[in-house]
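Student: Could we go through this structure together? I would like to start with how its strands are paired and then move on to other topics.

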Amino acid sequence: MTCQLRVLGCSGGIGGDNRTTAFLLNQNILIDAGTGVADLQLHELRAIDHVFLTHAHLDHIACLPLLLDAVVGARTAPVYVHATEQTIQLLRSHIFNWLIWPDFTVIPSAERPSLIFVPHELGQVEQMGELSVTPLPAIHTVPAVSFLLSSKASSVVFSGDTIGGTDFWQVVNQVASLKALIIETAFADKEHAIADAAKHLCPSTLAKELKEWQGTAEVLITHLKPGESEVTIREVLELDHIHPIRRLLQGEIIEF
Ligand SMILES: Nc1ncnc2c1ncn2[C@@H]1O[C@@H]2COP(=O)(O)O[C@H]2[C@H]1O
């Protein structure tokens with residue numbers, strides 16, 4: 001059986017049709033919970049059993065609190081939120097603290113919660129039926145991971161927000177039958193300094209990162225900041241690279 005990864009949002013910001021990072025994997029699994037989640041119908045929201053988070057930044061979690069509130073009365077099973085212990089602590093302290101949002105780990109009751117946090121570690125394979133989700137190393141301004149998504153047939157790697165790094169490429173270089181590498185290039189080269197400060201890639205640093213990669217799968221560029229997305233993708237396409245490379249599109253479905 002092939003797996004389907006539906007791109008709900010892949011922008012680095014909001015405005016107009018831009019939606020921030022969220023992918024729907026086979027109807028019931030979310031990879032990040034950015035503003036793209038808000039476009040799902042209520043019955044689609046209710047079908048989500050698991051949410052895997054790369055990190056706690058708002059553009060990747062904005063719809064998580066709203067999702068829980070939207071489905072709480074209609075589901076009997078909890079929503080499992082998989083993240084590193086550090087990210088879970090950030091969410092507990094800063095979001096689900098009864099001030100910014102109610103603590104859904106005790107709603108409607110501690111015995112029957114709507115939200116259960118599941119801590120995961122780098123390299124820990126979470127098998128979900130025919131597919132698996134594995135957190136991989138990532139380097140960002142806050143604790144972060146990337147993800148390896150694997151079906152029986154092939155895999156997709158999603159970098160999350162990261163400047164990549166040797167540890168990331170070491171693992172990616174070992175992935176057999178990689179169908180696509182989804183990697184961010186948030187900023188244009190004129191914003192190189194901000195990209196470095198925010199621990200994001202720009203086209204010139206993407207080129208350096210891709211030199212560490214020995215694979216040949218398609219490279220799909222995500223997380224372009226609105227306002228400079230056209231110039232950023234043009235700079236990416238002008239790179240002297242050996243991989244097929246294109247912009248990831250909101251709404252597209254990747255089968256693997
Ligand atoms: N000095 C900075 N460090 C980190 N983020 C910054 C900085 N200046 C601006 N930002 C923005 O804050 C955003 C937080 O989310 P992102 O990591 O997607 O992208 C980041 C940048 O767009």
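**Strand pairing and beyond**

Tutor: To begin with one pair, Pro135 has Phe147 in β9 as its bridge partner. The model discussed here is predicted.

Student: How many bridges link β8 and strand β9, and in which sense do they pair?

Tutor: Six bridges connect β8 with strand β9 (residues 145-150), and the pairing is antiparallel.

Student: And β7 with β8, over how many bridges?

Tutor: β7 and β8 are joined by three bridges, in the antiparallel sense. Within that pairing, Glu126 is placed opposite Val133 in β8.

Student: What about the hairpin of β7 and β8: which residue takes a positive phi?

Tutor: Gly129 does, with phi near 65°; the hairpin has two residues between the strands.

Student: Is strand β8 buried or exposed?

Tutor: Strand β8 (residues 131-137) is mostly covered, with seven of its seven residues buried.

Student: Which order do the strands follow in the sheet that has β8 in it?

Tutor: The order is β7-β8-β9-β10-β11-β12-β13, an open sheet of seven strands with mixed pairing. Its edge strands are β7 and β13, each of which pairs on one side only. From one strand to the next, the twist averages 20°.

Student: Which strands does α8 lie across?

Tutor: α8 lies across β12 (218-222) and β13, and its direction is at about 175° to β13.

Student: Then the loop between α8 and β13: where does Pro244 come in?

Tutor: Pro244 is found in that loop, which links α8 (229-237) to β13 (245-247). With a relative accessibility of 43%, Pro244 counts as partly exposed. Apart from neighbours within four places in sequence, Pro244 is in contact with Thr216, Ala217, Glu218 and Val219. For Ala217, which is 27 residues from Pro244 along the chain, the C-alpha atoms of the two are separated by 7.2 Å.

Student: Switching to the other sheet, the one with β14: what is its strand order?

Tutor: That open sheet has seven strands in the order β6-β5-β4-β3-β2-β1-β14, and the pairing is mixed.

Student: Why is one side of β6 and of β14 left without a neighbour in the sheet?

Tutor: β6 (115-119) and β14 (253-255) stand at the edges and each has a single partner strand, so one side of each has no neighbour in the sheet. On average, neighbouring strands of this sheet are turned by 25° against each other, direction ignored.

Student: How do strand β3 and strand β4 run, and how many bridges join them?

Tutor: Strand β3 (residues 29-33) and strand β4 (residues 50-52) run parallel and are joined by three bridges. Leu30, for instance, has Val51 in β4 as its bridge partner.

Student: Which strands does helix α3 touch?

Tutor: Helix α3 (residues 64-71) packs on the sheet and touches β3, β4, β5 (79-83) and β6. The direction of helix α3 makes about 165° with that of β5.

Student: And helix α4, which strands does it lie across?

Tutor: Helix α4 (residues 85-94) lies across β5 and β6, and runs at about 150° to β6.

Student: A new topic: how many disulfides are found in the whole structure?

Tutor: The search finds zero disulfides. The sulfur of Cys3 lies 20 Å from the closest cysteine sulfur, that of Cys10, which is too far for a bond. Cys202 is likewise in no disulfide, as the nearest cysteine sulfur, again in Cys10, is 19 Å away.

Student: Are Cys3 and Cys202 buried or exposed?

Tutor: Cys3 counts as buried, at 1% relative accessibility. Cys202 is buried as well, with a relative accessible area of 0%.

Student: What does UniProt place at residues 19-210?

Tutor: The UniProt entry, which is unreviewed, places the feature "domain: Metallo-beta-lactamase" there. Over residues 19-210 the chain is 25% helix and 26% strand, and the end C-alpha atoms are 26 Å apart.

Student: Finally, what pLDDT does the protein chain average, and where is confidence lowest?

Tutor: The protein chain averages a pLDDT of 97, and 100% of the residues score at least 70. Confidence is lowest in strand β7 (residues 126-128), at a mean of 96, and highest in β3, at 99. The model scores are ipTM 0.94 and pTM 0.97.

How values were computed:
Residues are numbered from 1 along each chain as its sequence is written. This is a predicted model: local features need pLDDT of at least 70, side-chain atom pairs count only at pLDDT 80 or more; totals for chains, interfaces and linings use all residues. Side-chain values use heavy atoms; hydrogens and water are left out. UniProt positions are given in the numbering used here, feature names are shortened, and annotations may be inferred rather than shown by experiment. Helices (H or I, at least four residues) and strands (E, at least two) are DSSP runs, numbered from the N terminus. Two strands pair if DSSP finds at least two bridges between them. Axes are lines fitted to C-alpha atoms, for helices over the stretch in contact, and angles run from 0 to 180 degrees between N-to-C directions. Contact means heavy atoms within 4.5 Å. pLDDT is the predictor's confidence in each residue, from 0 to 100. A disulfide is a pair of cysteine sulfur atoms within 2.5 Å. Buried means under 20% relative accessible area, exposed over 50%, partly exposed in between (1.4 Å probe, protein chains only).
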